[in-house]
Amino acid sequence: MRAKIIGTGSRLPDKVVTNDALSALVDTSDEWIQSRTGICERHLVSSEQENTLSMAVQAGQSALKDAGIAPEQLDLILVATVSSDFLTPSTACMVQKELEACNAAAFDINAACSGFLFALNTVDAYFQAGIYQTALIIGVETLSKLIDWSDRSTCVLFGDGAGAVVAKASEEGMIACLQGSDGSGGDILVCKSRTNNNPYAHTVKDLDYLFMNGQEVFKFAVKKEPECIQSLLQQAGMKPSDVDYYLLHQANYRIIASIARKLKLPLEKFPSNVSHCGNTSAASIPILLDEVNKKEMLKKGDTILLSGFGAGLTWGAALLKW
Ligand code: UT7
């Protein structure tokens, strides 16, 4: 049995922040941000009530409704995030409590922007092993709390949000998936945790906001993501043109366009929402999937390919029948 997606949902914060609004904070411009990234605006949390948990719960509820599944039918909840509200309990356990999904095991996965794919592929492996049958998978981030808002090279790129899918063990659905990591390249995209301040530790106040070497991440993305897509298609015995839609991690429209060029495919096969969401890390692919689903762009039997890359370094892809 493989993972079949039977429902999608998402939640974006109500507060929309335009590029012009950011140019009041840092030395930037709408022209620079749009031409280098394709981003026009992003959604950011703007109240104490809005956080990683609240967005995850709302996206999860909406995916359950779309799937026609009751919370108690879930036997697994996976949340992909690097921006949990708590170090422990996990966001997945807190979602389980809020949804009253009392029969589900729940845990978080940290694979940065590839997190949703790592979670989907983990669910697929559990289904193939016959361990679980019905899972809720959520990608959620409140990256706005990890950003240095005086650093123009990162603060213009990211947004907050959550996307979710319900997956059921089925004869059809997942065709093939893969994931990979290269920890040796991890220092190009880093966000340190808190430093130790126990009475015996040598405490150094360290940089605890997100740091990114944008050009190196760009080079990694435009090399690794097409390779990952090609090897997944090879594994499935398919050609790039056999896929109806490519739903890629939404980091930068130039990266998406470069991948389309390398695969010699028209941009119409690459739906994008980076212009209004920015980069929402682990949430970006499920938010896009929900948008495409709600627009009724996907027909039963369509072949879709999800793929992303991120900190770690990590990369992943999944090829599915809709
Ligand atoms: O989910 C994965 C995470 N991240 C990514 O996928 C990001 C991958 N990288 C990128 O998307 C691009 O590298 C960026 C969008 C981050 C940067 O674009 P770039 O074309 O690589 O610009 P750059 O870093 O080479 O900077 C060019 C110039 C620099 O000025 P000088 O040295 O040429 O005078 C920067 O200081 O642009 C300057 N700059 C800005 N100017 C206005 C950097 N950020 C800004 C800004 N507004 N926000």
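Select Thr154 first, in helix H6 of this predicted model. Thr154 counts as buried because its relative accessibility is 1%. Now add Asn213 to the selection: the two residues are 59 positions apart in sequence, yet their C-alpha atoms are 9.4 Å apart in space.

**The ligand and its shell**

Display the ligand next, together with the residues around it. The shell comprises 23 residues, and the closest are Thr28, Gln215, His249, Asn252 and Asn279. Which helix gives the largest share of this shell? It is H7, with four residues.

Three polar approaches to the ligand may be inspected in turn. Select Gln215: an N or O atom of its side chain is 2.5 Å from an oxygen atom of the ligand. Move to Asn252, where an N or O atom of the side chain is 2.7 Å from a ligand oxygen. Then show the backbone of Arg152, of which a polar atom is 2.9 Å from a nitrogen atom of the ligand. The ligand taken alone exposes 950 Å², and the protein buries 73% of that. The space that the ligand takes is the second largest pocket. Colour helices H2 (30-37), H6, H7 and H8 (253-262) to see the elements that give two or more residues to the shell.

**Salt bridges**

Turn now to the charged side chains. The structure holds 13 salt bridges, and several of them merit individual selection.

Begin with Glu50 and Arg11, whose side chains meet in a salt bridge with an N to O distance of 3.5 Å. This pair links distant parts of the chain: Glu50 lies in the loop between strand E3 (41-43) and helix H3 (52-67), Arg11 lies in strand E1 (residues 2-11), and 39 residues separate them. Are these two residues buried or exposed? Both Glu50 and Arg11 are buried.

Select Lys145 and Asp85 next, which form a salt bridge at 3.5 Å, N to O. Lys145 is in the loop between strand E6 (134-142) and helix H6 (152-155), and Asp85 is in the loop between strand E4 (76-80) and helix H4 (91-99), so the pair ties together parts that are 60 residues apart in sequence. Lys145 is partly exposed at a relative accessible area of 37%, and Asp85 is partly exposed at 29%.

Return to helix H7 for Lys219 and Glu216, a salt bridge in which the closest N and O atoms are 2.9 Å apart. About one helical turn separates Lys219 from Glu216, because they are three residues apart in helix H7 (residues 214-236). Lys219 is partly exposed, with a relative accessible area of 48%, and Glu216 is partly exposed as well, with 31%. Then select Lys4, Glu172 and Lys300 together: salt bridges that share partners join these residues into one network.

**A contact at helix H3**

Select Ser54, which lies in helix H3. Ser54 counts as buried, with a relative accessibility of 15%. A polar atom of the Ser54 side chain lies 3.4 Å from the backbone oxygen of Gln49.

**Backbone geometry**

The next stops concern the backbone. Most residues other than glycine have a negative phi, and most peptide bonds are trans.

Where is Pro89 found? Pro89 lies in the loop between E4 and H4. Centre on the peptide bond from Thr88 to Pro89, which is cis with omega near 0°. Proceed to Leu313, in the loop between strand E12 (303-310) and strand E13 (314-321). Here the peptide bond from Gly312 to Leu313 is cis, with omega near -5°.

For positive phi, select Lys264 in the loop between H8 and helix H9 (274-277). Phi of Lys264 is near 55°, a positive value in a residue other than glycine. Lys264 is exposed, at a relative accessible area of 74%. Continue to Glu296, in the loop between helix H10 (284-294) and E12. The phi of Glu296 is near 60°, again positive in a residue other than glycine. Glu296 counts as exposed at 68% relative accessibility.

**Final stop**

Select Ala21, found in helix H1 (residues 19-22). Ala21 counts as partly exposed, with 38% relative accessibility. Measuring from the C-alpha of Ala21 to that of Leu313 spans 32 Å in space, between residues that are 292 apart in sequence.

Definitions and conventions: Residues are numbered from 1 along each chain as its sequence is written. This is a predicted model: local features need pLDDT of at least 70, side-chain atom pairs count only at pLDDT 80 or more; totals for chains, interfaces and linings use all residues. Side-chain values use heavy atoms; hydrogens and water are left out. Buried means under 20% relative accessible area, exposed over 50%, partly exposed in between (1.4 Å probe, protein chains only). A salt bridge is a side-chain nitrogen of Lys or Arg within 4 Å of a carboxyl oxygen of Asp or Glu. A residue is near a molecule or strand if one of its heavy atoms lies within 4 Å of it. A polar contact is a pair of N or O atoms within 3.5 Å; within protein, one must be able to donate a hydrogen and the other to accept it, and residues adjacent in sequence count only if both atoms are side-chain atoms. Accessible areas come from the Shrake-Rupley method with a 1.4 Å probe; for residues, only the protein chains shown count as cover. On a 1 Å grid over the protein atoms alone, a cavity is a set of points where a 1.4 Å probe fits but cannot get out, and a pocket is an open set with protein on both sides within 12 Å along at least five of seven lines; lining residues have an atom within 4 Å of a point. A molecule sits in a cavity or pocket if more than half of its atoms lie within 2 Å of its grid points.
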